[in-house]
Amino acid sequence: MPANSCELLVIGGGGAGMAAALAGADAGADVLVVEKSQKLGGTYAFSSGLVWVPANRSAREAGIEDSIDLARHHINNLNGGKSVPEVLEAYLQRGPETLDFLAEHGVPLDWIPRYPDYYAEQPGGLMEGRYLSSPVFDGARELPAEWRERAEFSPYYTDVPASWPEIQAWGGYGLISEWDWKLLEERKQRGVVGWGGATTGYMMAACLRTGRIRFQLGTKLLELDKDASGRVVGATVSIDGGGPEHIAARAGVVLAAGGYDHNPEMQRQFDPHPNATPFSNPSVDGSGIAAGMNAGGSFANIMGQLMSPVYVLPREDQAGNIVGNVAGREPSFPGSFVVNRAGRRFADDSFYRVLVSGMVRFDTKSCQFENLPCWMVFDEEWKATYRLGHVKPGEAPSWMPRAGNAAQLASKIGVDAAGLEETLRTFNAGAADGRDDEFGRGSMAWARNNGDRRIKPNPCVRPLSGTLYAVELKLGTMGTLSGLAVDEHARVLRADGSPIEGLYTCGQSMSAIVEGYWYNSGTSNGRALIFGGIGARHALGAGREVTA
Ligand SMILES: Cc1cc2nc3c(=O)[nH]c(=O)nc-3n(C[C@H](O)[C@H](O)[C@H](O)COP(=O)(O)OP(=O)(O)OC[C@H]3O[C@@H](n4cnc5c(N)ncnc54)[C@H](O)[C@@H]3O)c2cc1C
């Protein structure tokens with residue numbers, strides 16, 4: 001088979017691309033995956049690796065009761081009417097079988113005990129059973145030697161080669177200092193990884209085992225090629241920065257090139273919020289979505305970026321623009337809260353999505369982002385107990401602002417002193433009883449799961465005392481929610497709703513029209529795995545209709 005021709009062409013070798021490739025190979029096709037970077041895994045490998053799939057077999061076998069009807073009810077109650085019903089249905093119906101298919105190919109995803117939905121308390125929400133993740137991955141054992149260096153792993157989580165069920169068994173994120181660090185260190189020395197990099201590692205090994213999937217690294221999609229009828233029949237690519245070359249795809253092209261998080265111009269143009277600092281794989285630059293739009297694909301704006309508060313800490317041993325971490329869980333730890341420049345809190349800061357909604361609020365009277373910049377304020381005990389990126393419990397580097405009282409800390413970080421003093425007083429009064437009457441810290445099970453269960457009655461709330469510290473929280477992105485419009489077969493749609501024949505998309509190249517305004521971590525990875533498979537099979541005529 002010449003390198004410039006294949007049956008199924010997959011653009012992008014992240015989670016979505018490898019899911020599409022595996023499904024294509026399973027359907028008997030010869031599959032070519034072109035990947036822009038020199039590694040496989042994409043941002044998926046950077047991720048926490050959580051996948052959210054209702055009514056999955058793994059949880060059912062452990063006795064968890066769930067159903068697709070219950071999940072549909074849950075989502076439709078929370079999505080602001082913005083999910084596309086057929087696409088949501090495809091996600092729900094095809095999710096469980098996608099997991100079974102991956103397991104058959106040696107990509108394990110196991111349910112995570114006691115890990116609640118984001119909105120577990122809402123109708124149809126569950127306290128456990130819908131989150132899954134992979135066991136840790138040992139590349140030295142699972143991958144052929146020549147591929148080991150080509151597996152992407154997270155720059156944030158290589159310190160934590162643990163599985164989520166292990167973390168939950170060790171008491172959850174809030175008990176991070178109590179985890180089995182001896183075991184983790186031993187795994188780290190052997191190059192064992194966890195979370196998203198574990199799943200993409202297993203996927204890579206599975207793809208290689210099929211013998212039907214070729215990976216062409218260092219190959220960037222420039223544009224999609226069409227025939228006279230408008231059908232997508234291949235792609236124009238650049239190999240190692242060289243001149244344009246054509247690749248013919250007899251059955252179709254699956255665009256799995258991620259979002260546009262590393263493209264500030266696309267962020268500025270499309271996103272309904274300030275530009276966010278990308279914490280995703282630098283190779284994800286929007287070129288896939290742009291090629292899809294140039295081929296006639298319609299763009300669906302669902303909230304712009306997958307935002308998270310992030311902190312960027314001084315660290316001499318890290319290069320490039322990755323010098324911090326997403327702060328999805330740290331604000332849930334007790335002994336902390338988040339304030340704006342007025343020294344005032346503005347959100348339930350124990351749940352990062354609510355926090356981020358507050359961070360991007362634009363006051364149309366002052367015409368200012370009223371809550372940017374903002375700071376997480378935490379106390380001595382917090383510092384002694386929890387990790388902040390690479391800063392371990394008990395470490396307090398000299399660059400970290402600190403003071404003996406609120407007014408002094410406020411002056412160090414440029415916050416209104418009277419405001420911060422008043423906030424501390426009000427917060428501490430309720431916190432003594434575990435209450436946060438103003439914003440309800442710890443009122444959601446998801447946040448409590450991130451909290452410190454040794455702190456009672458509320459694992460996210462206790463009064464702050466002693467030396468106070470602060471770290472600025474910035475607006476970051478973990479990927480893109482907006483993207484190309486698709487139908488339930490993962491076909492890219494034109495603005496008039498008609499499908500572009502031969503062109504499919506999945507993962508972060510497709511918009512989050514499964515979720516609408518609702519989001520649950522794990523659905524982004526879920527869209528990658530589920531719609532990767534749906535698109536590949538439909539292109540090869542091996543798909544099936546979804547009926548509600
Ligand atoms: C810190 C962090 C934590 C996260 N945690 C979670 C989580 O727990 N659960 C969850 O659901 N989501 C999470 N996410 C989001 C998650 O990473 C995405 O869901 C996931 O990456 C989507 O996979 P994908 O295959 O669509 O995109 P990617 O994994 O980004 O893959 C896209 C691939 O396409 C390649 N590419 C780009 N442009 C081109 C081109 N022009 N030509 C060829 N190749 C190209 C890229 O190099 C990349 O390899 C997290 C993200 C971050 C950053």
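**Exercise 1. Strand β3 and its sheet**

Determine in which sense β3 and β5 pair, and over how many bridges. Then place both strands in their sheet.

*Solution.*
Step 1. In this predicted model, strand β5 covers residues 131–133, and β3 pairs with β5 in the antiparallel sense over two bridges.
Step 2. A residue pair illustrates the register: V51 stands opposite L132 in β5.
Step 3. The sheet is open and consists of three strands in the order β3-β5-β4, with antiparallel pairing. Its edge strands are β3 (51–52) and β4 (110–111), each of which pairs on one side only.
Step 4. As general background, strands of a sheet pair through backbone hydrogen bonds, in either a parallel or an antiparallel arrangement.

**Exercise 2. The surroundings of R130**

State where R130 is located, decide whether R130 is buried or exposed, and identify the polar contact between its side chain and another side chain.

*Solution.*
Step 1. R130 belongs to the loop between β4 and β5.
Step 2. The cut-off for a buried residue is under 20% relative accessible area. R130 has a relative accessibility of 0% and therefore counts as buried.
Step 3. The side chains of R130 and D117 are joined by a polar contact of 2.8 Å.
Step 4. In addition, a polar atom of the R130 side chain lies 2.9 Å from the backbone oxygen of G124.

**Exercise 3. The shell around the ligand**

Establish how many residues surround the ligand, which element supplies the largest share of them, and how much of the ligand's accessible area the protein covers.

*Solution.*
Step 1. The ligand is surrounded by 37 residues, the closest being E35, S283, S287, S524 and N525.
Step 2. Sorted by character, the residues of the shell comprise 15 nonpolar, 19 polar and three charged ones.
Step 3. At least two residues of the shell come from each of α1 (15–26), β9 (219–226) and α17 (523–539). The largest share, four residues, is supplied by α17.
Step 4. Backbone atoms of the protein also approach the ligand. A backbone N or O atom of K36 lies 3.2 Å from a ligand nitrogen atom. For oxygen atoms of the ligand, the corresponding distances are 3.5 Å from a backbone N or O atom of G49 and 2.7 Å from one of N525. Of the 990 Å² of accessible area that the ligand has on its own, the protein covers 99%.

**Exercise 4. Strand β10 and its two partners**

Describe how β10 pairs with β9 and with β11, and find which residue in each hairpin turn has a positive phi.

*Solution.*
Step 1. Strand β10 (residues 232–239) is mostly covered, since six of its eight residues are buried.
Step 2. β9 and β10 are antiparallel and pair over seven bridges; E223 stands opposite T236 in β10. Their hairpin has five residues between the strands, and G230 takes a positive phi near 95 degrees there.
Step 3. β10 is also joined to β11 (residues 244–255), by five bridges and again in the antiparallel sense. The bridge partner of V237 is E245 in β11. This hairpin has four residues between its strands, and D240 in the turn has a positive phi of about 50 degrees.

**Exercise 5. The covering of helix α12**

Find which residues of α12 are buried and which elements they pack against.

*Solution.*
Step 1. Helix α12 (residues 352–359) is mostly covered, with six of its eight residues buried.
Step 2. The buried residues are Y352, R353, L355, V356, G358 and M359.
Step 3. The elements against which they pack are β14 (305–312), β16 (336–339), β19 (374–379), α16 (445–450) and β21 (468–480).

Notes:
Residues numbered from 1 in each chain as written. Predicted model: local features only at pLDDT ≥ 70, side-chain atom pairs only at ≥ 80, totals over all residues. Heavy atoms only, no water. Pairing = 2+ DSSP bridges. Buried < 20%, exposed > 50% of the residue type's maximum accessible area, 1.4 Å probe, protein only. Polar contact = N/O pair within 3.5 Å; in protein donor to acceptor, adjacent residues only side chain to side chain. Near = heavy atom within 4 Å. Areas by Shrake-Rupley, 256 points an atom, 1.4 Å probe, with all protein chains shown as cover. Nonpolar A, V, L, I, M, F, W, Y, C, P; charged D, E, K, R; others polar. Contact = heavy atoms within 4.5 Å.
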